[in-house]
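Student: Could we go through this structure together, starting with its open spaces and then moving on to single residues?

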Amino acid sequence: MEIIKLNATNSTNTYLKNLIKEKPIADLSCVWALSQTQGRGQQGASWVAEPGKNLTFSVFKKFDQLPSEYHFLLNMEVSLAIFRALKKLYIPDLAVKWANDILSAKKKICGILIENTLHKEYITASVIGIGLNVNQLFFNDLPNVSSLQKIMGHPFDLEEVLLLILHELEAALLSLSPTRFEEVLDEYHMHLFRKDKPSTFEYPDGQRFMGYIRGVSHNGQLQVEQEDALMSSFSLKEVKLLY
Ligand SMILES: O=C(O)CCCC[C@@H]1SC[C@@H]2NC(=O)N[C@@H]21
């Protein structure tokens, strides 16, 4: 697995997407930057991380015609690979918050941004961007965010953590197959944050409601049971899980 290490770039996802347009690159190549000037998050948000203290990297994966309906399988595999790597570092109380935030002790420590190249109805390549808070200690105005150092009380070697994640990611991506969907979904459900607990959700207009997360559907929609056993499915754009 080739690692391209940069001091700074706008966004490792953008850098890698440009690179694959320029020349063929090896499968599972990784671009790692010590700092990003325009880190990107889910839903058009920005991803801000203190330079040199955190991991911001992107991995390239080619697919031999993965039907696009399996994009959520890819999401789950990536989340679970990071989950396994963090478990090996003894990070406590890990959970996956739908769709693919990784939490420790209810605080977000990792975010994932996957950008797919589609050809007809197939995913032919993906750029998997991962932002992991490692040694950052202060998060202004973000009470629900933490880092490995804040949780464990000691700093971590960035490269060691990176290699551990890449190792788990490689194993997960190389074995990714639609035939394993149910198995992967079961594992994802086991670690799903607030599953079967009373939770509060918010619509984009600010209106809130209460419900129970019962699971995630095959296309990645959150299945929520509301009053009177009414089941609804939501996409990330439609609803936000507050607590
Ligand atoms: O939780 C999120 O909103 C997703 C955050 C993803 C951030 C990572 S950092 C490395 C890669 N490059 C980016 O610009 N974004 C992803």
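Student: Let's begin with the second largest pocket: how much space lies in it?

Tutor: About 370 Å³ of space lies in the second largest pocket. On a 1 Å grid over the protein atoms alone, a pocket is an open set of points with protein on both sides within 12 Å along at least five of seven lines, whereas a cavity is a set of points where a 1.4 Å probe fits but cannot get out, and lining residues have an atom within 4 Å of a point. Grid points are joined across faces, edges and corners, and a volume is the space filled by probe spheres set on the points. Please keep in mind that this is a predicted model, in which local features need pLDDT of at least 70 and side-chain atom pairs count only at pLDDT 80 or more, while totals for chains, interfaces and linings use all residues. Residues are numbered from 1 along each chain as its sequence is written, and side-chain values use heavy atoms, with hydrogens and water left out.

Student: Which residues lie nearest the centre of that pocket?

Tutor: Q42, H71, N75, A99 and L236 lie nearest the centre, out of 17 residues that line the second largest pocket. The elements giving two or more residues to this lining are α2 (71–88) and β6 (107–119); helices (H or I, at least four residues) and strands (E, at least two) are DSSP runs, numbered from the N terminus.

Student: And how many of the lining residues are nonpolar, polar or charged?

Tutor: The lining of the second largest pocket has six nonpolar residues, 10 polar and one charged, where Ala, Val, Leu, Ile, Met, Phe, Trp, Tyr, Cys and Pro count as nonpolar, Asp, Glu, Lys and Arg as charged, and the others, Gly among them, as polar.

Student: Where does the pocket lie with respect to the domains?

Tutor: It lies between domain 1 (3–191) and domain 2 (197–242), because both of them give residues to its lining. The domain bounds come from an automatic or database domain assignment.

Student: A99 came up a moment ago; what is the peptide bond from W98 to A99 like, cis or trans?

Tutor: The bond from W98 to A99 is cis, with omega near 5°, and A99 is found in the loop between β4 (94–97) and β5 (101–104). Most peptide bonds are trans, and most residues other than glycine have a negative phi.

Student: Which residues have a positive phi without being glycine?

Tutor: L28 is one of them, with phi near 70°, and Q43 is another, with phi of about 55°. L28 is found in the loop between α1 and β2, and Q43 in the loop between β2 and β3 (55–67).

Student: Is L28 buried or exposed?

Tutor: L28 counts as buried, at 6% relative accessibility; buried means under 20% relative accessible area, exposed over 50%, and partly exposed in between (1.4 Å probe, protein chains only).

Student: Going back to α1, which of its residues are buried?

Tutor: In helix α1 (residues 12–22), T12, N13, L16 and L19 are buried. Seen down the axis of α1, these buried residues fall within an arc of 125°, so they line one face of the helix; the arc is that of the directions from the helix axis to the C-beta atoms. On the other side of α1, K21 and E22 are exposed.

Student: Now for enclosed space: how many cavities of 30 Å³ or more does a search of the whole structure find?

Tutor: The search finds one, and the largest cavity has a volume of about 50 Å³. Its lining is made up of L34, S35, Q36, A49, E50, P51, N54 and T56, with strand β2 (residues 30–36) giving the most, at three residues.

Student: What about C30, which lies in strand β2?

Tutor: C30 counts as buried, at 0% relative accessibility. C30 and K5 are 25 residues apart in sequence and 8.3 Å apart in space, C-alpha to C-alpha.

Student: And what does UniProt list for residues 1–177?

Tutor: The UniProt record, an unreviewed entry, lists "domain: BPL/LPL catalytic" for residues 1–177; UniProt positions are given in the numbering used here, feature names are shortened, and annotations may be inferred rather than shown by experiment. In the model, the span of residues 1–177 is 29% helix and 33% strand, and its end C-alpha atoms lie 21 Å apart.
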